[in-house]
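Thank you all for coming. I would like to take a few minutes to walk through a structure that may be new to most of you, so please have it open in front of you as I speak.

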Amino acid sequence: MLTLRAIRLVLLALPFLLTSIDAARAQETDIPALVQSMGEASLRELGQIVSDLASTGDPAVVPALQALADGNLYLDEASSAVVIQRGSALSDPVSGDAVALGADADLSRIRVNNSLRRDIATALAGMTLMSDNPATRLAAANGFMARPDPANIPLLDEAIAAETNANVLRLMQAARAVTILGDDEFDLADRQAAIPVIASNAGRSAITILTGALSTAPDDLKPAIQSALAGLEQERAVWGALQNVWFGISLGSVLLLAAIGLAITFGVMGVINMAHGEMVMLGAYTTFIVQLIIRQNFPFLLDYSLLIALPAAFFLTGAIGVGIERGVIRWLYGRPLETLLATWGISLILQQSVRSIFGPTNQMVIAPTWMSGSFEFYGLSITYGRFWIVIFAAIVFALLLLVLNRTALGLQMRAVTQNRRMASSMGIRTPFVDAMTFGLGSGIAGLAGVALTQIDNISPNLGQNYIIDSFMVVVFGGVGNLWGTLVGALTLGVANKFLEPYAGAVLGKILILVLIILFIQRRPRGLFALKGRAVEQ
Amino acid sequence: MLTQALFRALDRKAIWLIGIFLAVAILVPMANLLIPPGQFGHVPTYLVSLLGKYLSYAILALALDLVWGYCGILSLGHGAFFALGGYAMGMYLMRQIGSRGVYGNPVLPDFMVFLNWRDLPWYWLGFDNFWFAMAMVLFVPGLLAFLFGFFAFRSRVTGVYLSIMTQAMTFALLLAFFRNDMGFGGNNGLTDFKDILGGPIQAQTTRAALFAATAIALALSVLVCSGIVNSKLGKVMIAVRDAESRTRFLGYRVEYVKLFAFTVSAIMAGIAGALYVPQVGIINPGEFDPANSIEIVIWTALGGRGTLVGPIIGAIVVNLGKSWFTTTLPELWLFALGALFVCSTLFLPKGIVGLWHQVFGRRQKPIGAAPTQSSDIEKGEDAASLSGNPQPKPAE
């Protein structure tokens, strides 16, 4: 009974086992060995080898198969090596390197018949350029571009005629152009015409290809190649600048997230909250804890742990913020410098608490699958992590604008910012507004902490790394205006990234600090200062 | 006129303070050198250096008090002036090493040999001369403070903005001094000192002499500060602190008053740094850390700003506590420091000195803790009365 069942199980599993072994073999096929084995093979075996080679899908087998079909593949009976012979030149069928055989070499052609020739042609086309899968065709075209061979031109022409996918088509044309440009057999006009095709279609490798071609090309072609190269360099400079802008925006959105809560508390209460960085840090640790709980109890939610951490971090840090305001800061109104010192003390306590609980080492938060990897946007490569942080910063900013401009609390906050005494005379409970403002500012810091887990180490010192930058953003952008913070953060981010290549990261940062110090001399209240009587406060 | 100023400076409290520090300058080195070890009253050499460190911190706290306590400028960057003075002294001490370094180069300090530098950078020239180095101790922090203050005060950058700017200044210097290319030893800073003025720096007598020099410098600092705050200029400084706009409308050039206080204070901080470095034996970019500068503020706040004795007490008390905590309960030090920040601002707005006066009932003219601007008073009253919770009671 038992044995019967076991046998049945094995029988059931057998097809799966076999296919998996097959797949494994296909992936690890030793191409040179297969090619070499063609020498002693019978016609029937040859057919098997061809289909094995074709099933690898590797463009490297194309020259060997092509040579076999053309009758250029030879076996050296003396050393039993398989070589390609074109004219008098001998080359290795896989690597394409020239081969020198001994004096006793005895070459005999490896014979094929018509049916095998047809098989080879179909295999070649189907395996590479004619494949149904655009990715395979793309890879094949890339392969042809990397290993240009004039023999492939008819194949490419055929493929180009049949191609429907624009991306693959461009690359195929580029491969064809590279082949034509690199070979003396074609006439100058064709080769000249190939240059712009390469420049426009070959993408990032165009510069390398053209630079390589420049050294071997005849003098007549050189000016054209040089001008194409100059154009490409210019284009690359533009894309480089755009990439820098993107990095700057990405850095700026991080700064924006870290600074915007600070801007609100500073704007409404005139209080510099030195513990703001620690709120960011606590938000990051909340994310860490949420992910820990989810991983242990609800692993199927792991991809959404960041989304779940957002409200948790907001309410936790918001509550701590309200606690700090009620417990310490409200006793110090009217003494901004003392508030600064007291909040610094709170920041030290929070830091050391976290260090005592979680230890001084860095903690890890795993990026969800939808935040890992990157994508290409024209010439820019954009990582999903950075992309989502920029989007997230934009959403937080928009929500905050809504809260400030469309809610009762926002109205009261703006009133208190502009004229505290008048607002309180009109019946606004300024202490309540203060507490809510502080809670909101701290909560947003917590949200920033959630985002920062994706790009920074989670350590007790996390907040310290951002606090001075956040101050710079607030001071630069001006108080009482969210747009000021936005412009300030993006300006500083982009300026930082543009200075970095010239001055280095550290010197660039120093320059930014010095520039802000100088800027503040010109505009002591920042870029977007409140005007009118409010300034006097 | 000078005698008059001196006479005014030497009011009863200042005389007491100066007398105490001069006595300390004589007694501690004597107790170290003359009383043999093991006998009652002997002060071990390590303690002499430790006390010397505290006294140099006291000078620094006094310097900050001059700008914050008397002029209302909260500088979060005084650590930068301290460190610059320290670096000037460190450069002199590095040049004194001569060929005794690891690489044996008679001119270049070890770290420059390590970086394959061939010549001494121009800004290191002259630092083999003690008096030139001392002039730089005064000049470099003074110049930086003058330039920074000139631009900042002229454009009326005040209050929290100014504090943040000073913090940015020291942060920028921190980043700059971390760079190896700057030629100040990068991360490791300057250390491995051998001689000062021909005497070996580790020797007992040198340590005692350095301590005496620090105590005398502190006494002189008290004299200078006392002279400034008791002069007419000092009265204007206090007026600027309490009501800046009003003082300006009365016709005083507020920015010059502030610039004077800021520059003098920076020079004092530089002197403190120069005395600190040979006693500790190292100066590195960590001294520029903004956190250090904020710590200075808490010494002054705890002791009692707007008084001469307060910052000195504060610096010594906090650093005693730091030494004790970091050796016995290192985990708790930051908790203690944080609590100190919160409690001293909440419950001791006038510091230990204010508490003393409150407890012992000696009525003094109002000191410290006054709001920086008149509008702040209104805001404070407003917030306090509306919340129904009065502010902590002033000391009077």
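**A walk through chains A and B**

Let me begin in chain B, where F146(B) is found in helix α6. This is a predicted model, and I ask you to keep that in mind throughout. F146(B) has a relative accessible area of 38%, so it counts as partly exposed. What does F146(B) form on the surface, together with F139(B), V140(B), L143(B), L147(B), F150(B), F151(B) and Y256(B)? These residues make up a nonpolar patch, and their accessible area together comes to about 680 Å². Helix α6, which covers residues 130-154 of chain B, gives the largest share of that patch, namely seven residues.

Let us turn from the nonpolar patch to a charged one, in chain A. There, E40(A), E77(A), D104(A) and D106(A) form a negative patch on the surface. If you look for D106(A), you will find it in the loop that runs between β3 (89-91) and β4 (107-109) of chain A, and with a relative accessible area of 42% the residue is partly exposed.

Next come the salt bridges, of which the structure holds 16 over all chains. I will take a few of them in turn, beginning with R326(A) and E325(A), whose side chains meet at 2.9 Å, N to O. Are these two partners buried or exposed? R326(A) is partly exposed, because its relative accessible area is 27%, whereas E325(A), at 0% relative accessibility, counts as buried.

A second salt bridge in chain A joins D434(A) to R420(A), with the closest N and O atoms 3.1 Å apart. This pair links distant parts of the chain, since D434(A) sits in helix α18 (residues 430-452) and R420(A) in helix α17 (residues 420-425), 14 residues apart. Both D434(A) and R420(A) are buried.

Moving over to chain B, we find the side chains of R95(B) and D128(B) meeting in a salt bridge at 3.9 Å, N to O. Which parts does the pair tie together? R95(B) lies in helix α4 of chain B, while D128(B) lies in the loop between α5 (110-114) and α6, so the bridge ties together parts that are 33 residues apart in sequence. With a relative accessible area of 16%, R95(B) is buried, but D128(B), at 42% relative accessibility, counts as partly exposed. There is also a network, in which salt bridges that share partners join R335(A), E338(A) and R305(B).

Helix α4, where we have just met R95(B), is also the place of A80(B), and the helix spans residues 78-97 of chain B. A80(B) is buried, with a relative accessible area of 0%. How far apart are A80(B) and M169(B) in space, C-alpha to C-alpha? They are 8.0 Å apart, although 89 residues separate them in sequence. For another pair, consider L10(B) and W131(B), which are 121 residues apart in sequence and 29 Å apart in space, again from C-alpha to C-alpha. L10(B) itself lies in the loop between α1 (2-9) and α2 (12-33) of chain B, and its relative accessible area of 33% makes it partly exposed.

A word now about the backbone. Most residues other than glycine have a negative phi. With that in mind, please look at D192(B), which is not a glycine and yet has a positive phi of about 65 degrees. D192(B) lies in the loop between β1 (190-191) and β2 (195-196) of chain B, and it counts as partly exposed at 48% relative accessibility. L197(B) has a positive phi as well, near 50 degrees, and its place is in the loop between β2 and β3 (199-200) of chain B. L197(B) is exposed, with a relative accessible area of 57%.

Finally, the cysteines. How many disulfides does a search of the whole structure find? The search finds zero over all chains. Take C71(B) as an example: the closest cysteine sulfur to its own is that of C225(B), and because the two are 12 Å apart, they are too far for a bond. C71(B) is buried, with a relative accessible area of 2%, while C343(B), at 36% relative accessibility, counts as partly exposed.

Definitions and conventions:
Residues are numbered from 1 along each chain as its sequence is written. Chains are lettered from A and ligands numbered from 1 in the order in which they are written. This is a predicted model: local features need pLDDT of at least 70, side-chain atom pairs count only at pLDDT 80 or more; totals for chains, interfaces and linings use all residues. Side-chain values use heavy atoms; hydrogens and water are left out. Patches are made of residues with over 30% relative accessible area and no salt bridge: like charges are joined within 9 Å, nonpolar side chains (Val, Leu, Ile, Met, Phe, Trp, Tyr) within 5 Å. Accessible areas come from the Shrake-Rupley method with a 1.4 Å probe; for residues, only the protein chains shown count as cover. A salt bridge is a side-chain nitrogen of Lys or Arg within 4 Å of a carboxyl oxygen of Asp or Glu. Lys and Arg count as positive and Asp and Glu as negative; His and the chain ends are not counted. The place of a charge is taken as NZ of Lys, CZ of Arg, CG of Asp or CD of Glu. Helices (H or I, at least four residues) and strands (E, at least two) are DSSP runs, numbered from the N terminus. Buried means under 20% relative accessible area, exposed over 50%, partly exposed in between (1.4 Å probe, protein chains only). A disulfide is a pair of cysteine sulfur atoms within 2.5 Å.
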